[in-house]
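Colleague: Could you take me through one part of this model in detail? I'd like to see how the open sheet in one of the chains is put together and what packs on it.

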Amino acid sequence: MTARSITVADVPALLAGAEFFSTSAAGEGIEFAGVWLEDILAHTGPVELVAADDLDPDTPCAAVGAMGSTVAMAELPPSGDEPVVLARSLAGRFGAPLGAVMPLNAASVNALHPVAAAAVLGLPLIDCDGMGRVFPLIHQTTYELAGVSLSPLAVVSAGHDSLLLDTGSARAEQIARSMAQAAGGWLLCGMYPARVARLREAAIHGSVSRVLEVGRVLCEHASGDDRSGHGTARHERLLRELTAATGAAVLGGGRVVEIGPSVRQAGTVYPGNPVGMVVHDHDSGRLIRLEAHNELVLALSDGALAAAVPDLLCLLDRSTLRMTGPERLTAGDQVDVLCVPAAPVWHSVAGLALGGPGAFGFPLRHPREEGR
Amino acid sequence: MEGARIGVRLAAGHAHAALVAGGEVRQAAGRSADDRALSRLLRGLAQGTPVQSVTWDVSAELDPASAGSPVAAVRILPRMPFRGLGSGHPSPLLRALVGRQAAVIGGHDLFGVELAMLDIYALLRDAAEAEAQGLTALALTATGAPGCHDHELVAGELIRDALPQLRVSLSHQVGGLGLLDREAATVINAALLGRAEQVVERCGRVAGGLGPLTSSWFVAGDGGRISAERLRLLPVLGLSATGAAALTGAARLAGVDDAVVGLARPDGLAVGHVRDGLPHVATDLPGPGGVRMAVPQAALTPISGSAAASASAFALLAEHDQHPAVVAVAGEAAGGGDHNRAATDRARAVAARLPSATVLVEPPAELAAIGAAGTEPSAWLDTVLYAETAEELARKRAVVEQRALTLVAESGARLGSERVVSSRALSVSFLRSGSYRLVVRAGGRAEDDA
Amino acid sequence: MKRAGRPAEQLTVDELVRYGPLGHAEMLVGENLARPVSRVALVSDLDQVRRCGPGTAVVLTGGLALGAWAVESALRLAWERSAACLVCPAVTGLTQASAQLARRMRLPVFVVTGDTAACALELAAAIASPEAARARLAARCAELFAERSNVRGIVGVINSEVPGVLVALVAPDGHVLAGQASADRAEHRIRVDVPGPDGRRWAELVAAVAGPPSPTWGETVRLILRLARAPLAASVARERVDAVHDAERGRVALIALFAAARAAAEPAGQDSPGNGGRSMPEEVLGWRVEGRHVAVFLRSDTTLDSVTASPGVVSAWQEAVQELPLVPWDRGWASWWTGDDITVEQVVGTLRRNLARMRSPIPLSGGVGRVAAGAEGLRESLSQAVLAAGVTVRDGHGTVRSFDELGYRVLLASLSQPELADSARVVLADLLSAPDGPVLVTTLAALLDCSGSTSQAAAQLGVHRNTVLGRVERIRARGVDLDRPDQRLALHLACYALLPELS
């Protein structure tokens with residue numbers, strides 16, 4: 001791994017990769033953040049992307065990420081100095097200024113926020129994250145699994161209402177969420193303040209690089225240069241390259257035969273509304289049912305559990321060769337269903353308890369638990 | 001020949017016109033430099049037939065890169081941007097059109113809760129400075145305007161009152177979610193206000209020359225048609241109309257309401273879909289100069305390369321589509337030289353690769369002009385609402401749908417012909433349960449339709 | 001003897017639907033209903049489905065009503081375990097895709113509103129003792145039999161309530177009196193005799209079962225058929241009594257009607273007390289007396305017991321011609337069509353069609369009168385119809401002739417009175433003494449009907465002309481001279497007098 005930096009030119013790939021790892025549902029409408037980040041990087045210059053091991057283990061660092069709705073954020077974009085407010089709050093606790101930031105999760109809009117924060121604060125960005133995907137709750141992280149405390153949680157809204165919350169992880173989550181609701185729909189959060197040494201066990205390493213790599217594959221195809229061929233060949237090549245880059249499996253692909261609100265008594269901890277959809281697999285004739293609650297949570301193939309959180313489920317739109325999600329789909333559209341295995345730590349007993357189907361209100365055993 | 005309609009595409013000093021009456025199509029083309037030549041062209045086309053309507057595709061006339069004049073962009077946000085970060089736009093087009101960028105305090109959240117009081121003094125100061133700078137138009141974009149447009153309305157009123165010479169575009173009239181995209185659309189809209197006025201007046205004048213009963217309309221980017229008044233206020237709606245008109249024309253000539261359509265051009269194939277007689281549209285497509293705008297436009301996927309390559313790609317798409325495939329020559333008017341022959345050859349090559357059910361359309365006039373003649377009133381609304389119960393959602397949804405139908409009626413739809421074409425309520429991720437984004441499309445039949 | 005353990009004795013899903021607890025459930029997918037159900041499992045978590053054995057009816061508790069995905073998961077697991085069916089609570093999220101999946105797996109799915117646990121208990125009870133469940137079915141049928149008042153209703157109860165069984169009521173001659181005709185042709189049949197009101201075998205109930213029935217199931221079906229016998233006999237008797245009663249009322253009413261008409265036609269007549277009677281048939285029986293009528297008269301061979309057959313004839317008529325009365329009259333049955341534009345030809349055609357459709361216990365032929373108005377006219381028309389019918393008797397069942405068509409020949413047909421017949425036997429003794437005497441008399445009558453034309457006579461008799469020529473030779477050889485005009489009428493009369501007893 002060479003020393004890298006993230007420049008304006010990397011933003012399209014970062015955006016496309018962020019969309020891929022958003023597990024479809026949360027990727028809706030994050031393009032605005034690309035425009036926004038490009039403008040910031042154009043002003044501040046590139047951001048240095050470093051491995052945790054390359055930093056002084058004593059460096060104070062914190063995770064940066066937004067909670068709330070991307071639609072709300074697109075309508076009310078950050079004014080730019082939110083990270084400054086967070087860094088100031090957290091530095092007060094450390095008794096020292098932050099030396100680096102890392103992503104809460106390198107996916108969806110939260111793949112971009114830490115880059116913007118590092119740029120505005122002039123700090124290096126650590127190439128890791130705490131989810132490797134999108135989870136609905138900010139304490140569903142490998143940081144949490146490793147015992148790094150979420151709080152003190154520094155939050156700031158688009159209207160610059162700011163708060164430093166000192167409480168347990170779940171409580172912090174709840175309080176911050178109701179604040180997000182009242183303060184314009186989203187909050188930027190600084191959390192999991194720690195020394196870099198703690199990240200060795202607590203983080204998923206190389207996440208940001210992986211987002212960029214997958215993003216480049218997607219961008220290459222989206223540019224649609226003639227070399228890539230047409231139709232089936234191009235679509236199959238993209239699938240091949242995506243599976244190679246992410247270790248993903250293709251669960252199936254075909255026409256969306258059903259999509260709409262899903263009736264289910266999921267836990268009320270989650271904001272948003274459950275959505276269900278069914279894809280008729282073109283080759284096998286199987287029915288792939290997908291359940292989404294903000295993100296895609298599980299996939300049943302002819303009623304048999306084929307994939308579930310914490311593994312990532314992604315939808316590729318065959319007609320545009322872009323990642324897509326239930327919010328953008330209607331019955332009749334053609335999609336491929338991909339499953340990307342989550343980081344190994346998520347398949348531990350504690351990992352599945354925090355981010356497995358049960359955590360989403362599904363009384364199911366994760367496919368990896370079978371026979372355990 | 002009752003109910004003859006004329007469609008005209010204006011581009012690069014030329015006019016391509018088609019007259020459609022019942023099953024008959026006539027065509028004419030010529031220079032459009034002066035009004036007299038244009039009037040002569042249309043009269044020659046009509047040959048004394050009473051013409052009900054002339055519908056203009058003026059998207060080329062409204063190209064923001066050439067026709068736009070710089071404007072002041074004013075955002076209304078609860079907080080000033082930090083060191084100006086994040087307010088720039090990467091598009092050269094937009095940077096060229098924004099002569100002055102400013103922000104004032106104010107705005108609402110998506111559900112209509114006021115985030116900050118509108119700073120009217122800063123607003124008037126900015127507007128006055130813009131005018132002093134020589135700018136003639138101002139684009140006003142308030143955060144949360146799709147949920148509550150009070151601040152935009154107040155700001156617009158204040159500016160018109162204090163600076164009557166300054167034209168103002170309000171983002172909620174342009175519509176769409178997402179501040180940046182909506183602002184881009186509003187800026188382009190404001191930049192085109194001057195040109196739009198000229199174009200609308202000219203088109204009205206020429207159409208009026210055909211007789212007192214001939215009305216004048218404009219093709220919108222979503223494939224519907226809008227009134228002169230609406231285009232004058234919202235020229236951005238008239239952009240990218242040519243592709244939409246061509247899709248509509250292809251489906252009409254093929255005699256189908258639903259189709260996957262391949263528009264054969266000399267340099268490639270553009271694939272779009274027609275549903276219920278209207279082109280399939282999207283709001284997240286790059287518009288003029290690659291700028292994403294929160295305005296619906298016909299979704300056309302380009303397939304470049306040789307005729308054989310585009311044919312096999314289209315064959316694959318058509319095979320997976322449940323609707324019939326239509327291939328149409330979308331060059332200029334029939335018999336229009338090498339340029340057109342290349343498009344025709346491509347269309348035939350593509351059609352030859354497809355199943356026999358495929359319809360090959362070789363239009364007797366320019367496809368977009370034929371499509372323009374046949375456009376029908378339409379409207380598009382994209383908004384957010386909050387409903388705790390299904391009943392509440394249905395009620396609020398009905399209100400929005402009614403608003404869309406009213407817009408259709410205002411575009412000259414025959415009373416009772418207005419209908420909701422599609423209405424989608426999508427739950428919004430990571431907002432409290434019960435938050436929905438509602439996208440409504442409505443259409444109708446034109447009053448003059450015999 | 002405990003039989004529940006034997007697979008053949010198990011209830012099928014279909015049976016549970018027809019008379020078990022699943023009858024109240026909505027059937028979302030109705031594939032593969034013939035599978036036997038061995039046990040019931042009430043599951044509150046998906047893992048429990050994995051432990052179900054083949055043939056299990058899997059019932060999901062409300063706690064598992066977590067949406068379409070949960071039902072589909074259960075569906076899949078149930079299918080893997082070869083379950084017999086899946087019962088789930090009314091989950092609003094259940095979709096077309098779920099139903100499609102179930103159809104592909106050929107697994108029946110039922111949706112129950114309310115508590116599925118209650119449904120599971122009922123299922124368990126039914127499955128634990130199929131005999132009890134079947135006894136309940138029999139009891140339910142018996143209950144429904146009692147509510148039905150006619151043969152068709154009773155047979156219908158079996159066809160609608162007993163799963164997989166088609167039943168028909170078949171007369172000894174193979175005629176299907178009610179129910180599904182196909183039942184009598186099925187491979188596996190169960191038969192039970194049905195006695196008539198007189199206690200003698202009157203018909204047979206035939207039940208077709210799909211496949212060879214298990215012993216208990218066969219017993220159940222037989223039990224239900226037996227249960228149907230008494231109500232069937234009762235309803236047959238009731239129908240006959242009703243028919244006779246109605247017919248007798250009709251006869252009295254018709255007599256009264258004609259009497260009143262005659263009284264009205266003779267103004268000099270006594271002060272008619274029949275005026276009150278005249279309105280009776282119209283009001284009580286719903287007859288139309290005013291307007292233009294065409295009367296018809298049905299009769300049978302005199303040698304048959306038409307009195308005994310009368311109820312059967314009347315009910316057969318009512319089955320075929322619902323809107324018109326059939327009244328016993330003279331030696332046959334009378335009826336009439338009424339209408340402003342009615343013609344004799346129409347009535348002849350209609351009557352002919354109806355006679356062909358009627359399931360009459362005895363052969364019938366019909367005469368049709370002229371068009372006439374009012375009650376008095378009806379009486380005349382009926383007299384004409386009676387005469388015309390007399391001619392038809394020798395032509396066999398289904399023949400219809402009109403008074404107009406026959407002309408004066410009707411007179412000849414009415415001459416078969418005993419003394420005239422005796423004289424005729426003497427006059428034609430030579431002819432009758434021939435080996436084929438009756439044939440020769442019939443041929444002679446036909447020849448005289450046709451003014452001596454052998455070809456016409458051959459056509460009327462339905463034989464070849466040469467046959468007729470041969471018979472003419474034999475007739476002449478017996479001393480009968482066909483060519484003497486002074487003899488011809490007498491000969492014709494003599495033939496007609498003998499015809500009724502010869503046919």
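Here is a walk through that sheet, with a short look at another helix and a chain contact at the end.

Modeller: Sure, and keep in mind that this is a predicted model. The sheet sits in chain C: five strands, open, in the order S11-S12-S10-S13-S14, with mixed pairing. At the edges you'll find S11 (327–329) and S14 (400–402) of chain C, each of which pairs on one side only. Going from one strand to the next, the twist averages 30 degrees.

Now zoom in on S10 (residues 292–299) and S12 (residues 332–338) of chain C, which run antiparallel to each other and are joined by seven bridges. To get the register by eye, find C:His293: it stands opposite C:Thr338 in S12(C).

Two helices pack on this sheet. H11 (residues 344–357) of chain C touches S10, S12, S13 (365–373) and S14 of chain C, and its direction makes about 150 degrees with that of S13(C). H12 (residues 374–392) of chain C also touches S10, S12, S13 and S14 of chain C, at about 155 degrees to S13(C).

Elsewhere in chain C, helix H7 (residues 151–161) has C:Val151, C:Ile154, C:Val155, C:Val157 and C:Ile158 as its buried residues. Look down the axis of H7(C) and these fall within an arc of 140 degrees, so they line one face of the helix.

As for the neighbour, 19 residues of chain A are in contact with 18 residues of chain C. S13(A) gives the largest share of chain A's side, three residues. By class, that side has ten nonpolar, four polar and five charged residues.

Technical notes:
Residues numbered from 1 in each chain as written. Chains lettered and ligands numbered in written order. Predicted model: local features only at pLDDT ≥ 70, side-chain atom pairs only at ≥ 80, totals over all residues. Buried ≥ 20, exposed ≤ 12 C-beta atoms within 10 Å, placed from the backbone. Helix = DSSP H or I, 4+ residues; strand = E, 2+ residues; numbered from the N terminus. Arc of directions from axis to C-beta. Pairing = 2+ DSSP bridges. Axes fitted to C-alpha atoms, helices over the stretch in contact; angles between N-to-C directions. Contact = placed C-beta atoms within 7 Å. Nonpolar A, V, L, I, M, F, W, Y, C, P; charged D, E, K, R; others polar.
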